[in-house]
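Have the sequence and the model open side by side. This report covers fold order, confidence, pockets and aromatic contacts.

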Amino acid sequence: MFLCTFVLAFMLCPSRISSIPIEATSSAKTKDPKSDIQNLVSRLSNYQNCQIINYSVPFNGISGLTVPNNERVSRISVGRGIQNYTCTQGNYVSAGALANLFDVSCVYTMSANIIDSKTVDKLLPQVAYSALSYPYSGQLPIAIHHEFVDTPGSSTAGSISPKFYTSIGTENVIVKKINGVNDPINPSINVPWLQLGALENQGTLSKSVFRLNTYKGQPPSSCTKEGEQLSVEYAAMYWFTK
């Protein structure tokens with residue numbers, strides 16, 4: 001609760017961040033935590049595009065995901081969307097995803113040296129999940145759209161790939177899965193963490209995209225109606241590197 005109160009405070013008054021007494025903030029009473037969360041997310045639109053300096057993708061000690069040499073963090077966003085599935089031979093098989101991504105770079109830059117970025121990274125997907133539902137975005141400007149498209153140049157029927165593109169349409173990238181690891185908290189409920197790499201000549205938005213700190217999105221363990229389609233809501237952090 002301290003973190004929610006703190007982040008809300010500096011998003012409302014970023015110029016006063018250095019004067020906020022942590023002891024007083026941590027002991028503040030909140031009558032309605034859900035309202036605090038909604039207010040927090042509603043303020044994200046006022047603070048975007050903060051300069052990102054010396055941030056590392058927070059893998060939290062999980063092996064299997066690696067930032068390629070010479071790549072640096074270029075964007076930090078929290079995504080809110082749906083994971084799509086099709087019932088195939090008794091199991092739900094992934095059929096892509098749709099999500100809105102919101103710029104949260106300022107949450108990290110404004111809280112530097114005050115709150116550990118790994119803690120912020122864990123909280124934000126839960127905040128987004130609680131306050132929004134896809135495709136609803138409230139009054140937040142969507143920084144990046146996420147969808148799946150036919151894989152360029154593929155001869156495999158039904159092959160699809162993740163695509164990310166900015167709302168103003170100036171940049172995009174189509175990516176492929178490099179690696180994935182199970183969510184360390186609850187893999188039966190939260191979708192895996194992913195490392196995605198840009199396909200050659202398929203956009204300049206980023207060279208790599210990392211989906212981390214996932215929150216929900218997994219389908220039921222089995223299904224009975226062949227071909228049935230299912231959408232499961234989720235949230236996650238998306239870190240972009242160039």
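## Chain layout

Reading from the N terminus, the elements of the protein chain follow the order α-α-α-β-β-α-α-β-β-β-β-β-β. That gives five helices and eight strands. The model is predicted.

The chain has 242 residues, and 44% of them are buried. Take the contacts between residues at least 6 apart in sequence: 68% of these join residues at least 24 apart.

## Confidence

The average pLDDT for the protein chain is 83. A score of at least 70 is reached by 80% of the residues.

Residues 1–31 need care. Their pLDDT stays under 50. The model still gives this stretch 47 contacts beyond four places in sequence. Where pLDDT is low, predicted coordinates should not be read in detail.

## The largest pocket

Rolling a probe the size of a water molecule over the atoms shows where empty space is left. How much space lies in the largest pocket? The volume is about 420 Å³. The lining has 19 residues, and those closest to the centre are Gln83, Ser94, Phe148, Leu194 and Arg211.

Five strands each give two or more residues to this lining: E1 (73–88), E2 (91–103), E3 (144–150), E4 (160–166) and E6 (193–203). Strand E2 gives the most, with four residues. By class, the lining of the largest pocket holds eleven nonpolar, six polar and two charged residues.

## Glutamine 83

Gln83 is one of the residues closest to the centre of the largest pocket. It sits in strand E1. Is glutamine 83 buried or exposed? Its relative accessible area is 7%, and under 20% counts as buried, so glutamine 83 is buried.

Serine 94, also among the residues closest to the pocket centre, is eleven residues from glutamine 83 in sequence. In space, the two are 7.5 Å apart, C-alpha to C-alpha. Leaving out residues up to four places away in sequence, glutamine 83 touches Gly96, Ala97, Val191, Arg211, Gly217, Leu230, Ser231, Val232 and Tyr234. Arg211 thus appears both in this contact list and among the residues closest to the centre of the largest pocket.

## The second largest pocket

The second largest pocket has a volume of about 260 Å³. Its lining counts 18 residues. Nearest the centre lie Lys122, Gln126, Asp183, Ile185 and Asn213.

Which elements give two or more residues to this lining? They are helix H5 (117–131) and strand E7 (208–216). H5 supplies the largest share, five residues. The lining of the second largest pocket divides into seven nonpolar, seven polar and four charged residues.

## Aromatic pairs

How many aromatic pairs does a search of the whole structure find? There are six. A pair of aromatic rings is described by the distance of the centres and the angle of the planes.

One of the pairs joins phenylalanine 164 and phenylalanine 240. Their ring centres are 5.5 Å apart, with 90° between the planes, an edge-to-face arrangement. Phenylalanine 164 belongs to strand E4 and phenylalanine 240 to strand E8 (residues 229–241), so the pair ties together parts that are 76 residues apart in sequence. Both phenylalanines, 164 and 240, are buried.

Tyr55, Tyr108 and Trp239 make up one aromatic cluster.

Key
Residues numbered from 1 in each chain as written. Predicted model: local features only at pLDDT ≥ 70, side-chain atom pairs only at ≥ 80, totals over all residues. Heavy atoms only, no water. 1 Å grid on protein atoms, 1.4 Å probe; cavity = no way out; pocket = protein on both sides within 12 Å on 5 of 7 lines; lining within 4 Å. Points joined across faces, edges and corners; volume = space filled by probe spheres on them. Nonpolar A, V, L, I, M, F, W, Y, C, P; charged D, E, K, R; others polar. pLDDT = per-residue confidence, 0-100. Contact = heavy atoms within 4.5 Å. Phe/Tyr/Trp six-rings, centres within 6.5 Å; stacked < 30°, edge-to-face > 60°. Buried < 20%, exposed > 50% of the residue type's maximum accessible area, 1.4 Å probe, protein only.
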